Amino acid sequence: VFGKKNSDEAKVKFARLGVNARVGTFHSFGNQAITRVYPKAKMEGDKPGQAGYMKFDRIASELEIPEYLLGFVKKAMSLAMQAGFGIPGFVKIGDLEAWLELVDHHGIDETLGENNIGTRLKGAEECIKDGCRFAAKAIVLGTKIVSECYSFDDMMFQPIRLNLPLPQFQNVVCDEAQDSNR
């Protein structure tokens, strides 16, 4: 189901009906897959038991992403993960044309802004291409460090990208399936 509240409601309904069902969100099943394979991995964040930092901040620092591209790269990375970039059979991680289509489709070029120092120096088109290249590198680095730290987006993306073992079921029921993406 979509959302913890819906998951809790479904658990109660199944229990009342006497149906033995494993109920969860897509993210919860992905989270279980990650932590089963990488038991020391921590969810990003600064609450007790979490990694103590946001994963994208670490990626941005390690890749030395220019400040004027940070918002764009973060958004592009998230949307590309949702679209399956870098997963075999989906979009190749380095396919610049696919990245540019993603940017155009979601209108994230507006994330750069007209008064952005990069767009004033290089032009919007070059900044978008640079941002897409950084986003692709960010996905690759994010996959490398998932054993240490993972994000909310990783819960859906990394189990598929890394071919992690997922629970197997005889029957699967999905609430609100029309809201699913690739």
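This report describes the salt bridges, nonpolar cores, last helix and cysteines of one protein model.

The model is predicted: local features need pLDDT of at least 70, side-chain atom pairs count only at pLDDT 80 or more, and totals for chains, interfaces and linings use all residues. Residues are numbered from 1 along each chain as its sequence is written, and side-chain values use heavy atoms, with hydrogens and water left out.

## Salt bridges

Side chains of opposite charge can pair when their charged atoms come close. A salt bridge here is a side-chain nitrogen of Lys or Arg within 4 Å of a carboxyl oxygen of Asp or Glu. The structure contains 8 salt bridges. The table lists some of them.

| Pair | Closest N to O distance |
|---|---|
| Asp 154 and Lys 55 | 2.6 Å |
| Arg 58 and Glu 62 | 2.8 Å |
| Asp 130 and Lys 122 | 2.4 Å |

Helices (H or I, at least four residues) and strands (E, at least two) are DSSP runs, numbered from the N terminus. The salt bridge between Asp 154 and Lys 55 links distant parts of the chain: Asp 154 belongs to helix H8 (residues 152-161) and Lys 55 to helix H3 (residues 55-63), 99 residues apart.

Burial is judged by relative accessible area: buried means under 20%, exposed over 50%, and partly exposed in between (1.4 Å probe, protein chains only). Asp 154 and Lys 55 are both buried. The pair of Asp 130 and Lys 122 is mixed: Asp 130 is buried because its relative accessible area is 15%, while Lys 122 is partly exposed because its value is 45%.

Arg 58 and Glu 62 both sit in helix H3, 4 residues apart, about one turn of the helix. An α-helix has 3.6 residues a turn, so residues three or four places apart point the same way. Glu 62 counts as partly exposed, because its relative accessibility is 44%. A network of salt bridges links Arg 58, Glu 62 and Glu 148.

## Nonpolar cores

In soluble globular proteins, nonpolar side chains tend to be buried together. A nonpolar core is defined as a set of buried Ala, Val, Leu, Ile, Met, Phe, Trp, Tyr and Cys residues joined through side-chain atoms within 4.5 Å.

Which residues of the largest nonpolar core touch the most other members? They are Phe 72, Val 73, Met 77, Phe 85 and Trp 99, out of 33 residues in this core. H3, helix H4 (70-82), helix H5 (96-106) and helix H7 (124-144) each supply at least two of the core's residues. H7 gives the largest share, 9 residues.

Contact means heavy atoms within 4.5 Å. When neighbours within four places in sequence are left aside, Val 73 is in contact with Phe 56, Ile 65, Gly 131, Phe 134 and Ala 135. A second, separate core has 7 residues, among them Ala 33, Ile 34, Ala 41 and Met 155.

## Helix H8 and its surroundings

Asp 154, Met 155, Phe 157, Gln 158 and Pro 159 are buried in H8. The buried residues of H8 pack against helix H2 (26-37), strand E1 (42-43), H3, H4, H7 and strand E2 (149-150).

Thr 143 lies in helix H7. Is Thr 143 buried or exposed? Thr 143 is buried, because its relative accessible area is 13%. Leaving aside neighbours within four places in sequence, Thr 143 is in contact with Phe 157, Gln 158, Arg 161 and Leu 162.

Met 156 also lies in helix H8, but Met 156 is partly exposed, with a relative accessible area of 35%. Just after H8, Asn 163 has a positive phi of about 55 degrees.

## Cysteines

A disulfide is a covalent bond between the sulfur atoms of two cysteines. The rule used here requires a pair of cysteine sulfur atoms within 2.5 Å. By this rule the count is 0 disulfides. Why does Cys 132 have no such bond? The closest cysteine sulfur, in Cys 127, is 11 Å from the sulfur of Cys 132, which is too far for a bond. Cys 132 counts as buried at 1% relative accessibility, and Cys 149 counts as buried at 0%.
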